Amino acid sequence: MNLIAPDHIANYIAGILQPPINGKYIDNINPATGNVYSATPDSDIKDVEEAIGAARAAFPMWSNTPVEERFKILNRISQLIDDNIDSLALAETNDNGKPLWLSKRVDIPRASSNFRFFATGIMHFSTESHNMEDKAINYTLRQPIGVVGCISPWNLPLYLFTWKIAPALAAGNCVVAKPSEVTPMTAYLLSLICIEAGLPDGVLNIVHGTGPGCGSAIVAHPEIKAISFTGSTRAGREIAAVAAPMFKKLSLELGGKNPNIIFADCDWDKMMHTTLQSSFSNQGQICLCGSRILVEESIYEKFTHEFVARVKKFTNGDPLDDNSRQGAVVSKMHFDKVLSCIALAKEEGGTILTGGNAVTLDGRCANGLFIAPTVIEGLGPHCRTNMEEIFGPVVTIQPFKNEDEALQLANTSDYGLSATIWTQDVSRANRVATHVKSGIIWINCWLLRDLRTPFGGFKNSGVGREGGWDALRFFTEPKNVCIEL
Ligand code: NAD
């Protein structure tokens with residue numbers, strides 16, 4: 001198949017590619033060039049209702065489709081993502097501003113592996129049985145919930161979209177999904193792939209539009225029985241406020257302000273190489289980036305000197321150029337937000353060690369939204385810069401005296417998504433991992449991921465953690481059946 005990014009993106013409802021009912025569109029801007037890349041449907045409740053109707057109509061058929069058949073279709077989708085990696089990666093780069101090589105190497109392969117993982121996972125899914133000696137046997141039926149809503153953000157567009165859709169479909173649900181209005185193209189191309197793969201009409205419906213206009217209509221609809229959401233803590237809070245009184249099942253994967261804790265006895269070269277990545281990959285727009293670097297006092301000067309020197313070599317460049325380490329940030333709104341956070345850091349007394357400014361490129365990217373990777377020191381743990389999520393190419397460095405102080409600093413945040421610990425002392429690594437209040441801890445590594453493990457955060461970073469089996473379980477309703485013997 002030949003995946004072509006169109007001028008006008010269409011909704012995918014009941015197996016049909018269709019314009020929004022109200023005829024309205026939003027400009028989708030390529031942040032690396034400033035040019036309009038496509039028009040995105042500005043869908044509203046009418047499109048959402050049509051999508052929910054299609055999903056409800058498909059549910060009896062899809063929930064009764066043998067698991068092996070569901071596996072085959074989802075596996076085919078995975079294969080088609082692999083076959084079309086170049087078109088998908090280019091679409092993602094044009095939507096998002098991230099380097100093309102990153103999209104090809106990480107985002108799109110991971111989107112494919114989401115489908116493959118959950119397609120095969122459902123083939124091996126089992127439920128519990130509890131034996132009450134000679135009195136009774138209880139067994140748990142896990143049945144698909146019905147029509148579920150999946151809403152995703154712009155930073156890893158296809159990867160996070162498929163991370164929700166794949167387990168929901170594998171478990172036998174029908175889905176109404178909304179990608180971010182800022183990065184809609186790969187979700188549109190996924191609808192072409194689903195048609196090609198033979199996914200029955202109405203099983204997956206993709207409605208494009210804004211959070212207030214379209215996402216909130218999905219969340220509030222009484223026929224949507226579960227919501228899997230990834231995005232900001234602000235939107236997560238709004239969604240929870242609407243969904244909780246309706247007793248909807250909720251999975252919220254939200255923001256982060258992750259500590260990267262570096263002890264003096266770390267493997268220096270590995271720590272430095274990985275810390276550069278965990279600080280600035282995807283222009284720092286990964287919820288798992290280590291945006292607060294905490295360094296043991298005895299190596300603070302050495303670390304800062306080398307880290308800053310190496311960050312200075314991270315030049316911003318055209319995302320289509322294989323040599324670009326840093327692409328554009330995703331939108332003008334986000335660009336302004338990140339720059340205002342840097343201004344705030346200065347007001348709070350921070351010292352900019354490198355970066356801190358917008359970057360103007362020549363040629364094709366002359367109107368692009370580029371920000372130099374920025375390192376800030378001299379700020380205390382409670383200032384806004386160290387408490388609030390920036391979600392851009394900005395990190396702070398803070399020194400600590402000992403393990404207790406490192407833990408104190410790490411746990412100061414209201415967020416608790418992930419943390420990284422660098423030390424060769426296994427006992428200390430385990431101690432610190434036990435006491436850091438985050439859902440994911442990496443010891444001497446970053447972003448390594450076994451899809452079977454739980455994923456998600458503590459505190460303001462979310463609830464209803466999913467991961468491998470957890471995601472398949474999230475998208476089912478457990479029912480206990482008790483047979484008296
Ligand atoms: P966002 O919350 O603005 O939007 C996310 C999605 O929700 C978009 O599709 C948006 O249209 C929709 N939306 C917004 N308000 C809504 C509402 N009231 N009801 C329903 N839908 C609504 O987030 P963003 O700016 O797109 O993404 C960045 C945020 O996502 C950051 O905070 C980042 O940390 C977080 N994130 C978290 C994870 C994780 O796994 N924890 C992963 C990636 C990104």
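**Ligand site, close-up views**

**View 1. Polar contacts of the ligand in the predicted model.** The side chain of serine 232 places an N or O atom 2.6 Å from an oxygen atom of the ligand. Lysine 178 also takes part through its side chain, where an N or O atom is 2.8 Å from a ligand oxygen. At glycine 231 the partner is a polar backbone atom, 3.3 Å from an oxygen atom of the ligand. On its own the ligand has 840 Å² of accessible area, and the protein covers 91% of this.

**View 2. The ligand in the largest pocket.** Helix H7 (211-220), strand E10 (224-230) and helix H8 (233-243) are the elements that each give two or more residues to the shell around the ligand. Domain 1 (11-254 + 461-484) and domain 2 (259-450) each supply at least three residues of this shell.

**View 3. Residues of the shell around the ligand.** The ligand is surrounded by 32 residues, of which Glu181, Ser232, Glu238, Leu254 and Glu389 come nearest. By residue class, the shell comprises 14 nonpolar, 12 polar and six charged residues. Ser232, listed here among the nearest residues, is the serine whose side chain has the 2.6 Å contact with a ligand oxygen.

Terms used:
Residues are numbered from 1 along each chain as its sequence is written. This is a predicted model: local features need pLDDT of at least 70, side-chain atom pairs count only at pLDDT 80 or more; totals for chains, interfaces and linings use all residues. Side-chain values use heavy atoms; hydrogens and water are left out. A residue is near a molecule or strand if one of its heavy atoms lies within 4 Å of it. A polar contact is a pair of N or O atoms within 3.5 Å; within protein, one must be able to donate a hydrogen and the other to accept it, and residues adjacent in sequence count only if both atoms are side-chain atoms. Accessible areas come from the Shrake-Rupley method with a 1.4 Å probe; for residues, only the protein chains shown count as cover. On a 1 Å grid over the protein atoms alone, a cavity is a set of points where a 1.4 Å probe fits but cannot get out, and a pocket is an open set with protein on both sides within 12 Å along at least five of seven lines; lining residues have an atom within 4 Å of a point. A molecule sits in a cavity or pocket if more than half of its atoms lie within 2 Å of its grid points. Helices (H or I, at least four residues) and strands (E, at least two) are DSSP runs, numbered from the N terminus. Ala, Val, Leu, Ile, Met, Phe, Trp, Tyr, Cys and Pro count as nonpolar, Asp, Glu, Lys and Arg as charged, and the others, Gly among them, as polar. Domain bounds come from an automatic or database domain assignment.
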